[in-house]
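Let's take a walk through this structure together, one part at a time. Keep the sequence and the 3D view open while you read.

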Amino acid sequence: MERKKIFYWIIPMILFIGFLGNAVYATGEHETFNRIQSSALKGQFHLEDEVKIYVPSTYYVDQPIDNTPYVNRSLEKFSEMFGGATAIDGTGAWLSDNDQLIKEKVTIVYSFAEDLDKKKINQVVAYAKDLKEEMKQSSVSIEVNGKMYFIE
């Protein structure tokens, strides 16, 4: 009997906390939206979708190369698909099978897109597969709207 009483008290409390948390979260998003809408950005053209490809700087995972031709081709490909592209240099790292830190220079080529549809995503994936094969990689990473995909 005591368990039922506790259960009847706990469920409404959990629902209330969930509702309150959602309201606070939604208010934060709404405030951000209102700040943008009331700023000098109101009415300005913008692009919401973002697509990135991580261009390796190695062949066969560990043989360093100059990736400039691959970066230039990626910039050209993304510019054709999305109207423009940007490249930034970075360093990627991961743990090998024997827990050794592997670091590699990488160039991230990215574009913002107005109409990111299935056809364009498929083109990006096909390009990543071609790059993977040509550079003898186990995978090439792409990122779409903040989600990382490993194209194998």
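Phenylalanine 112 is partly exposed, with 36% of relative accessible area; here buried means under 20% relative accessible area, exposed means over 50%, and partly exposed is anything in between, using a 1.4 Å probe and the protein chains only. You'll find phenylalanine 112 in strand β5. Together with Phe45 and Leu47, Phe112 makes a nonpolar surface patch of about 300 Å². A patch like this takes residues with over 30% relative accessible area and no salt bridge, joining nonpolar side chains (Val, Leu, Ile, Met, Phe, Trp, Tyr) within 5 Å and like charges within 9 Å. The areas themselves come from the Shrake-Rupley method with a 1.4 Å probe, and for residues only the protein chains shown count as cover.

Before going further, a word on what you're looking at. This is a predicted model, in which local features need pLDDT of at least 70 and side-chain atom pairs count only at pLDDT 80 or more, while totals for chains, interfaces and linings use all residues. Residues are numbered from 1 along each chain as its sequence is written, and side-chain values use heavy atoms, with hydrogens and water left out.

Now step back to the whole chain. There are three helices and seven strands, and along the sequence they follow the pattern α-β-β-β-α-β-β-α-β-β. Both kinds of element are DSSP runs numbered from the N terminus: helices are H or I with at least four residues, strands are E with at least two. Of the chain's 152 residues, 26% count as buried. The accessible surface comes to about 11,200 Å², and carbon and sulfur atoms account for 57% of that. If you take contacts (heavy atoms within 4.5 Å) between residues at least 6 apart in sequence, 58% of them join residues at least 24 apart.

How are the strands of the open sheet ordered? The five strands go β4-β5-β1-β6-β7, with antiparallel pairing; two strands pair if DSSP finds at least two bridges between them. At the edges stand β4 (86-95) and β7 (147-151), each with a single partner strand, so one side of each has no neighbour in the sheet. Neighbouring strands here are turned by 30° against each other on average, direction ignored. Look at one pairing in detail: β6 (residues 140-144) and β7 run antiparallel and are joined by five bridges. Serine 141, for example, has phenylalanine 150 in β7 as its bridge partner.

Two helices lie across these strands. Helix α2 (residues 68-82) crosses β1 (49-56), β4 and β5 (101-113), and runs at about 25° to β5. Helix α3 (residues 118-134) lies across β1, β6 and β7, running at about 160° to β6. Those angles are taken between N-to-C directions and run from 0 to 180 degrees, with axes fitted to C-alpha atoms, for helices over the stretch in contact.

A good place to see strand and helix residues come together is isoleucine 142, in strand β6. Isoleucine 142 is buried, with a relative accessible area of just 2%. Among the residues it touches, leaving out those up to four places away in sequence, are Ile53, Val124, Ala128 and Tyr149. Isoleucine 53 is 89 residues away from isoleucine 142 in sequence, yet their C-alpha atoms are 4.4 Å apart.

That leaves the charged side chains. Side chains of opposite charge can pair when their charged atoms come close. A salt bridge here is a side-chain nitrogen of Lys or Arg within 4 Å of a carboxyl oxygen of Asp or Glu, and by this rule the count is four. Lysine 52 forms one with glutamate 143, the closest N and O atoms being 3.8 Å apart. This pair links distant parts of the chain, since lysine 52 sits in β1 and glutamate 143 in β6, 91 residues apart. Both residues are buried, and Glu50, Lys52 and Glu143 are linked in a network of salt bridges.

Another salt bridge brings together glutamate 134 and arginine 73 (3.0 Å, N to O), joining helix α3 to helix α2 across 61 residues of sequence. Glutamate 134 is partly exposed at 37% relative accessible area, and arginine 73 is partly exposed too, at 31%.

Finally, lysine 132 in helix α3 meets glutamate 133 in a salt bridge (2.8 Å, N to O). Is lysine 132 buried or exposed? At 11% relative accessibility, lysine 132 counts as buried, whereas glutamate 133, at 49%, counts as partly exposed. Leaving out residues up to four places away in sequence, lysine 132 touches Gln137, Ser138, Ser139, Val140, Ile151 and Glu152.
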